[in-house]
Structures are given as structure tokens and as C-alpha cells.
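Biologist: Hello! I am new to this structure and would love a close look at a single part of it.

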Amino acid sequence: MTMQKPKIYLLRNGRNLTLSNWKVPLSDLDYGVEEEKAIQRVLQRQWLSMGPEVKVFEEEFSSFLGVKHAIAVSSGTAALQLAYLALGLGKEDEVIQPALNFVAAANTAIAVGVRPIFADIISLDEPTLDITDVEHRITQQTKAIVVMHYGGYPCRMADLRALCERHDLAVIEDACHAVGARYLDSQARFPHGHRVGQLGDIACFSFFSNKNLATGEGGLITTDQDDLAKRVRLLRSHGMTTLTWERHKGHARSYDVVLHGFNYRFDEIRAALGRTQLQKLESNNHRRQEIVNAYYSQLDSLSNWIIPFRHFSGDSAYHLMPIVAPDQRTRERVVQDLKLAGIQTSLHYPCITNFTAFGHLEASGVEKSKAFSQRVITLPLYPTMTLDQVNYVCSNLLSSSRISLLEDSNDA
């Protein structure tokens with residue numbers, strides 16, 4: 001079986017640096033000549049802060065999603081914080097959000113004075129927000145719900161939107177896993193399909209290095225509401241009414257500061273990379289789907305394992321390839337065996353309620369999220385992954401699983 005060689009980079013002193021010794025890394029970038037040309041374009045212009053590349057990237061992203069406003073920011077975390085603030089959330093307010101998520105949504109809630117209320121997932125094979133559990137947690141202090149499209153698979157948005165309308169709650173999409181995904185609902189609300197990022201009041205994206213659209217760091221906020229967009233743009237850059245590029249081009253001579261904002265600006269190099277990555281996004285997401293289907297065909301024979309979203313019928317971004325072991329001990333054995341075989345895995349995610357920093361918050365009733373976190377393994381998935389690599393991962397996982405099952409039988 002032919003495996004890809006580790007990537008080699010040349011350092012200034014002439015020594016070679018092996019970026020990764022994994023035979024199959026967890027993720028990898030689809031970067032090439034196009035990205036090099038994009039960076040060179042910025043360097044030749046000699047303008048590095050927010051300027052024409054950012055403006056065009058926002059316009060192209062807005063057009064791609066079909067939303068009115070797309071506002072680039074410095075990270076997905078910054079996007080979440082600005083979303084809370086743009087909605088006017090603060091002290092005494094509660095925001096219901098998944099216990100199973102990256103910690104950014106919870107951390108930024110605390111940062112703006114909001115109390116995060118953690119809700120459980122539907123099941124181990126559909127680890128997105130459980131609407132029944134969400135409804136039980138709504139109080140008079142609840143002002144918004146954060147929905148997180150785990151692994152690139154959209155939540156049950158029609159039901160969640162209906163719930164939020166009944167209780168007059170804002171909907172914040174944590175779409176960091178799901179750029180390019182489309183939510184399909186044949187019944188009523190979204191009969192023709194809407195892209196993730198236009199399903200709530202405001203949505204947040206991340207362009208971290210392992211994301212489907214990767215710029216290293218960076219994020220973006222989308223909304224169709226003019227007032228939210230205006231507030232986000234002000235908050236992004238110190239509450240200033242005009243930006244440096246506008247003054248440089250002679251469109252303004254000075255500025256006012258109309259609210260207390262931040263420096264969450266996006267830079268020109270990342271915007272240029274983002275434009276190039278956006279052009280590749282649909283084809284790369286389709287390639288991810290092909291790889292996920294290859295995984296399915298080989299792993300369906302696993303006994304007592306769960307493959308989340310195995311029967312998902314919508315349009316995913318296929319960001320993650322999660323698989324749930326029969327128990328925590330089996331998970332640990334298999335992860336170690338895969339590591340010894342040069343296969344990198346991960347855990348998406350530890351349950352937030354188990355973190356020390358959130359120990360002071362009420363954390364009852366999220367048992368499915370905790371069980372998922374104890375048993376899930378994230379397998380390698382990226383658009384440049386080969387079928388030989390998929391076969392290598394699956395053969396090692398199946399072998400390790402059989403050995404674990406045999407050992408468990410002997411112990412019994």
C-alpha cells in the first residue's frame with residue numbers, strides 16, 4: 001500500500017524540518033500555487049491591514065452564502081463574542097448552548113457577562129442540540145440559543161427556529177464546522193434548502209488551520225439584519241466610524257468612536273488566502289464526502305460501535321469523521337493502537353461541564369454529551385487524503401477493535 005510521505009520544509013539554515021511524522025495526519029491543507037499567488041498579490045500591493053482583499057472576500061462570501069452581510073474578523077472566537085454583543089446580551093442574561101462544543105462559545109459568553117446554560121445532544125449518533133432538553137432549560141433570563149452544527153452536519157433548524165420564535169429568543173449559529181453545508185427541510189420553513197450561515201439571526205465561522213476553509217486564524221460573521229451588521233462592524237475596530245483604508249483612499253479625513261470596541265480586524269493576507277480557499281470549497285467538500293463514504297463502506301461491519309450521522313440525508317460540510325467506541329476502555333486501546341501505526345486521531349470534544357473553569361455552573365442532565373465525549377474518536381479527514389490512507393486507517397481500526405473485543409471476552 002502506497003502511503004504519502006511526510007511533508008518536508010526547508011529552513012533558513014538549510015536543514016530539513018519534517019512537519020509531521022504521521023503516516024496519516026488528522027488534517028492537512030489543500031494549499032498550492034493559487035495560495036502563493038494570492039499572498040504575492042498582497043505583498044506587491046504593500047497594504048497588510050483591512051483593505052481591498054478583505055472587502056472583496058466579504059463580498060464573495062456573502063454572495064456564496066446568499067446573505068446580506070458578511071463581516072470578516074480575527075477568529076471564530078472573536079465572531080462569537082461580537083455576536084453576543086451585537087445582540088445586546090450581557091449581565092443577568094442566559095444563553096443556552098451545547099455542552100458538546102469547543103470551549104470558545106462558553107468562554108466568550110463568560111467574557112461578556114452572559115451565563116451559559118448547557119444543553120444535551122439528541123443521541124450518540126446525532127450529537128447536535130436536543131430541542132426537548134433546550135426547551136426545559138428556558139427561563140425568563142434566556143435571551144438566545146447557540147446552535148452548533150457538529151462535524152459539518154446541520155442541526156434540526158426548523159424545530160429550533162420555531163421554538164425560538166415561540167419564546168422570542170435570538171438564534172446564534174456556531175457554524176465553525178459547517179462552511180458550505182446546506183440545511184434541507186421539505187416540510188415548510190426551508191423547502192429549497194438554505195446554506196448554514198443564513199439559518200439564524202447571526203452566524204459565526206472559523207477559518208482555523210483545520211477547517212474546511214483555512215487561513216490559519218480568522219473568522220467571519222454573517223447576518224441579514226442591518227442593525228446587527230452595523231454594530232458588528234463598529235465593534236470589530238474600536239467603535240471607529242471609519243477605517244484606515246477609507247482614510248488612505250481619501251474617503252474620510254477623520255473618525256469618531258461611538259462605542260467601546262476591540263481590535264478584531266482581519267488582515268489582507270488571510271483575506272487573500274480565504275478568497276482562494278473559497279473557490280476550492282465546494283469541490284473540497286465533495287471530496288470530503290467521498291472519503292466519508294469510503295469510511296462508511298469499511299466500518300459498517302464494526303460491532304457495537306456507532307457512526308454518527310451514518311444515515312444523515314442532508315447536505316453536510318463533512319468537517320469531521322467521528323466514530324463512537326462501545327466503551328471508554330475500547331476507545332483508549334484503539335487510539336493507542338492507531339498512534340503506534342502512525343495514525344493521528346483527536347477528541348471532538350471534551351464535555352464543557354467537566355472543565356474546571358466551568359465547575360461553578362449548573363451542569364446536570366447532559367449525560368449523553370458526557371458519554372459521547374468519553375467514547376468518540378475523530379478519525380483523519382481532509383480533501384487531499386487518499387483512498388489508500390482511508391484503507392490503512394480502517395484496517396488498523398478494525399484489527400484493533402477485534403483484539404479489544406477478544407481481550408474483553410477473555411476478561412469476562
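Which residues does F61 touch, not counting residues up to four places away in sequence? Please take me from there into the surroundings.

Modeller: Happy to, and please keep in mind that this is a predicted model. Leaving aside residues up to four places away in sequence, F61 touches A70, V179, F205, F207, L213, L220, T222 and L278. The largest nonpolar core has 42 residues, and F61, I145 and F205 are the ones that touch the most other members. At least two residues of this core come from each of α2 (52–65), β3 (69–73), β5 (115–119), β8, α6, β12 and α9 (268–299). There is also a second, separate core of 41 residues, with Y295, I323, Y349 and L397 among them. As a general background, nonpolar side chains tend to be buried together in soluble globular proteins.

Let us follow F205, one of the contacts of F61, into its strand. Strand β12 covers residues 202–206, and because 5 of its 5 residues are buried, the strand is largely enclosed by the rest of the structure. Its side chains split into two sets: A203 and F205 point one way, while I202, C204 and S206 point the other way, and all are buried.

Next come the neighbours of this strand. With strand β13 (residues 219–223), β12 pairs in the antiparallel sense over 4 bridges. There, F205 stands opposite L220 of β13, and L220 is also among the residues that F61 touches. With strand β9 (residues 170–174), β12 pairs in the parallel sense over 3 bridges. In that pairing, E173 is the residue opposite A203 of β12.

Now step back to the whole sheet. It is an open sheet of 7 strands with mixed pairing, and the order is β3-β13-β12-β9-β8-β4-β5. β3 and β5 are the edge strands, each pairing on one side only. On average, neighbouring strands are turned by 20 degrees against each other, direction ignored. Towards the β5 edge, strand β4 (residues 94–98) and β5 pair in the parallel sense over 5 bridges. P98 has A119 in β5 as its bridge partner. Helix α4 (residues 104–111) packs on the sheet and touches β4, β5 and β9, with its direction making about 150 degrees with that of β5.

Another helix brings us back to β12. Helix α3 lies across β3, β4, β8, β9, β12 and β13, and runs at about 165 degrees to β12. This helix spans residues 76–86 and is mostly covered, with 10 of its 11 residues buried. Among the buried ones are G76, L80, L82, Y84 and L85. At its N-terminal end, S75 acts as a cap: a side-chain oxygen lies 3.4 Å from the backbone nitrogen of T77. Just after α3, G88 has a positive phi of about 80 degrees.

Finally, look at helix α6 (residues 157–167), whose buried residues are M157, A158, L160, R161, L163 and C164. Residues three or four places apart in an α-helix point the same way, because there are 3.6 residues a turn. The cover over the buried residues of α6 includes α5 (131–136), β8 (142–148), β9 and β10 (182–183). Just after α6, D168 takes a positive phi of about 55 degrees. This helix also leads back to where we began, as α6 supplies at least two residues of the core in which F61 is one of the residues touching the most other members.

Conventions
Residues numbered from 1 in each chain as written. Predicted model: local features only at pLDDT ≥ 70, side-chain atom pairs only at ≥ 80, totals over all residues. Heavy atoms only, no water. Buried < 20%, exposed > 50% of the residue type's maximum accessible area, 1.4 Å probe, protein only. Polar contact = N/O pair within 3.5 Å; in protein donor to acceptor, adjacent residues only side chain to side chain. Pairing = 2+ DSSP bridges. Contact = heavy atoms within 4.5 Å. Core = buried A, V, L, I, M, F, W, Y, C linked by side-chain atoms within 4.5 Å. Axes fitted to C-alpha atoms, helices over the stretch in contact; angles between N-to-C directions.
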